[in-house]
Structures are given as C-alpha cells and as structure tokens.
Amino acid sequence: MKSIDPGNGRLIQSYDPHTKGEIEIKIETLHSSQGKWSLKDFTQRGSYVLEVAEGLGNRKREFAQLIHDEMGKKISEAEAEIDKCISLCHYYIENAPTLLQNKDVQTELKSSYVSFQPLGIVLAIMPWNFPFWQVFRCAIPAIFSGNTVLLKHASNVTGCSLAIEDVFQTKSAAGLFQSVKVASSEIEPIIADSRISAI
C-alpha cells in the first residue's frame with residue numbers, strides 16, 4: 001500500500017497490510033472494549049470525545065499537512081476540515097444525551113417508546129476526498145452511542161487513517177477505535193465476521 005503525493009508523484013510512504021492475525025487482534029480489541037464502553041454514561045462518553053477533540057486541535061497543522069500531502073487539498077481547506085471535525089465532537093457532547101433519549105410514540109398500547117441501544121462494532125469503509133471529516137461524521141456518533149469503530153480507509157490516505165487511530169487512543173480509553181490496513185479486495189472476510197454489527 002502506497003501513499004503518493006498527487007501534486008508531484010512523490011512516494012510519501014509505503015505500508016505493509018495488516019496480517020490476518022493483526023486484524024483478529026484489532027477486531028477482538030474492539031469487541032471486548034465495546035461491552036464495557038456501552039455501560040458508560042453520557043458524561044463519561046462526552047469526556048472521551050472531548051479528549052479526541054482536544055487531540056485534533058493540538059495537532060491541527062500536522063494533520064492538515066498530512067491531508068495536503070496525501071490527497072492534495074490546500075492547507076487552508078485541510079485545516080478547515082479539522083476544525084469541522086472538532087465542531088462535530090462538540091455538537092455531540094452537547095446534543096447526544098438528548099438525541100439518544102427514549103422517544104415516546106403513540107400506539108394502541110398504554111406506553112410505547114423507541115430506545116436507542118448500542119449495536120457493537122461499526123465497520124467504516126471510507127473514501128479519500130475528506131479523509132478526516134468522513135471518518136469523524138461516522139465515528140463520533142457511533143462511539144457516543146456506545147459502539148466501537150473499525151476503519152478501513154481508502155488506500156491512498158493510509159497515513160491519515162493511522163493518524164486518526166492515534167487521536168482516538170486517549171488517556172481514558174484506547175480500545176474504541178482501530179484502523180485496519182487492507183486492500184478493498186481483502187475486506188470481504190472482515191465484513192463477514194460475526195462480531196461486525198454494522199457497516
């Protein structure tokens with residue numbers, strides 16, 4: 001797997017795909033972490049998401065340069081993409097507790113409601129054009145809802161994929177988000193894994 005600067009054809013870095021054993025460790029890490037994470041209250045989930053947002057802000061210039069190098073976006077646009085991800089984190093910190101409350105619905109029964117429950121591991125298969133934003137708009141609401149996330153990013157932005165994984169490894173939680181390096185042609189066994197609950 002290769003990251004190539006689209007502006008000049010320079011090889012940025014080559015990456016070895018994860019082995020089957022490494023993929024198994026990542027999936028099992030997410031699977032075992034998800035049960036404990038789903039028991040956390042919204043305050044604890046919000047504290048974690050705030051750590052993620054702060055990690056993005058602290059490394060905004062670094063991540064913007066990475067986006068620029070791997071997929072050619074202007075630095076100013078790449079920084080705006082990181083800012084948008086930070087704003088998304090704060091949106092869910094403020095609004096997720098309300099959005100995820102039980103919703104009463106009218107039926108012929110005395111009491112009926114919709115309840116929002118965690119699913120498990122969410123597999124995020126993402127495109128290259130907004131390499132941070134597309135991931136965060138999936139991962140933050142999924143994690144805030146008590147799920148864990150496995151990212152299979154576009155192969156040409158593998159550096160972004162690994163950087164995002166690093167941001168999610170905070171002091172308070174390290175097993176909620178994993179990035180897997182595999183070619184699109186090799187994703188089928190992961191999709192078929194019984195521990196994957198949503199894609």
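In the predicted model, Glu 81 makes contact with Ile 67, Lys 73, Phe 130, Pro 131, Phe 132 and Trp 133, when residues up to four places away in sequence are not counted. Glu 81 belongs to helix 4, which spans residues 75-99, and its relative accessibility is 4%, so that the residue counts as buried, the limit being under 20%. One of its contacts can be specified at the level of atoms, since a polar atom of the Glu 81 side chain is found 2.9 Å from the backbone nitrogen of Trp 133.

The largest nonpolar core comprises 43 residues, and within it Tyr 48, Leu 56, Phe 132, Phe 136, Phe 168 and Phe 177 touch the most other members. At least two residues of this core are supplied by each of helix 2 (42-58), helix 3 (60-71), helix 4, strand 5 (121-125), helix 5 (133-144), strand 6 (148-152) and helix 6 (158-168). A second core, separate from this one, consists of 11 residues, among them Ile 27, Val 182, Ile 187 and Ile 190. For Leu 56, the contacts that remain when residues up to four places away in sequence are not counted are Phe 63, Ile 82, Cys 85, Ile 86, Phe 132, Phe 136 and Val 167. Phe 132 is thus a contact of Leu 56 and also a contact of the buried Glu 81.

Helix 6, one of the contributors to the largest nonpolar core, is largely enclosed by the rest of the structure, because nine of its 11 residues are buried. The buried positions are Thr 158, Gly 159, Cys 160, Ser 161, Ala 163, Ile 164, Glu 165, Val 167 and Phe 168, and of these Val 167 is in contact with Leu 56, while Phe 168 is listed among the core residues that touch the most other members.

Strand 8 (residues 196-198) contains Ile 196, which counts as buried because its relative accessibility is 10%. Apart from residues up to four places away in sequence, Ile 196 touches Ile 121, Leu 123, Leu 150, Ile 190 and Ile 191. The C-alpha atoms of Ile 196 and Leu 30 lie 9.7 Å apart, although the two residues are separated by 166 residues in sequence. A contrasting case is provided by Gln 65 of helix 3, whose C-alpha atom is 33 Å from that of Gly 120, at a separation of 55 residues along the chain. Gln 65 has a relative accessibility of 31% and therefore counts as partly exposed.

Ala 183 is located in the loop that connects strand 7 (177-179) and helix 7 (188-192), and it counts as partly exposed because its relative accessibility is 30%. Its C-alpha atom lies 7.8 Å from that of Met 1, 182 residues away along the chain, and its contacts, with neighbours within four places in sequence left aside, are Lys 152 and Ser 155.

Both Met 1 and Ser 155 also contribute to the lining of the largest cavity, together with His 153, Ala 154, Thr 158, Ser 161, Val 180, Lys 181 and Val 182. One cavity of 30 Å³ or more is present in the structure, and the largest cavity encloses about 40 Å³ of space. Its lining divides into four nonpolar, four polar and one charged residue. Of the lining residues, Thr 158 and Ser 161 are buried residues of helix 6, whereas Val 182 is a member of the second nonpolar core.

Turning to the pockets, the largest holds about 240 Å³ of space and is lined by 14 residues, of which Lys 20, Ile 23, Glu 186, Pro 189 and Ile 190 lie nearest its centre. Helix 1 (20-37) and helix 7 each supply at least two residues of this lining, with helix 1 giving the most, namely four residues. Seven of the lining residues are nonpolar, two are polar and five are charged. Ile 190 belongs in addition to the second nonpolar core and is in contact with Ile 196.

The second largest pocket has a volume of about 170 Å³, and its lining is formed by Ser 33, Lys 36, Trp 37, Lys 40, Gln 44, Tyr 48, Ser 172, Ala 173, Ala 174, Gly 175 and Leu 176. Here too helix 1 gives the most, with three residues, and helix 2 supplies at least two. The lining comprises five nonpolar, four polar and two charged residues.

Definitions and conventions
Residues are numbered from 1 along each chain as its sequence is written. This is a predicted model: local features need pLDDT of at least 70, side-chain atom pairs count only at pLDDT 80 or more; totals for chains, interfaces and linings use all residues. Side-chain values use heavy atoms; hydrogens and water are left out. Buried means under 20% relative accessible area, exposed over 50%, partly exposed in between (1.4 Å probe, protein chains only). A polar contact is a pair of N or O atoms within 3.5 Å; within protein, one must be able to donate a hydrogen and the other to accept it, and residues adjacent in sequence count only if both atoms are side-chain atoms. Contact means heavy atoms within 4.5 Å. A nonpolar core is a set of buried Ala, Val, Leu, Ile, Met, Phe, Trp, Tyr and Cys residues joined through side-chain atoms within 4.5 Å. On a 1 Å grid over the protein atoms alone, a cavity is a set of points where a 1.4 Å probe fits but cannot get out, and a pocket is an open set with protein on both sides within 12 Å along at least five of seven lines; lining residues have an atom within 4 Å of a point. Grid points are joined across faces, edges and corners, and a volume is the space filled by probe spheres set on the points. Ala, Val, Leu, Ile, Met, Phe, Trp, Tyr, Cys and Pro count as nonpolar, Asp, Glu, Lys and Arg as charged, and the others, Gly among them, as polar.
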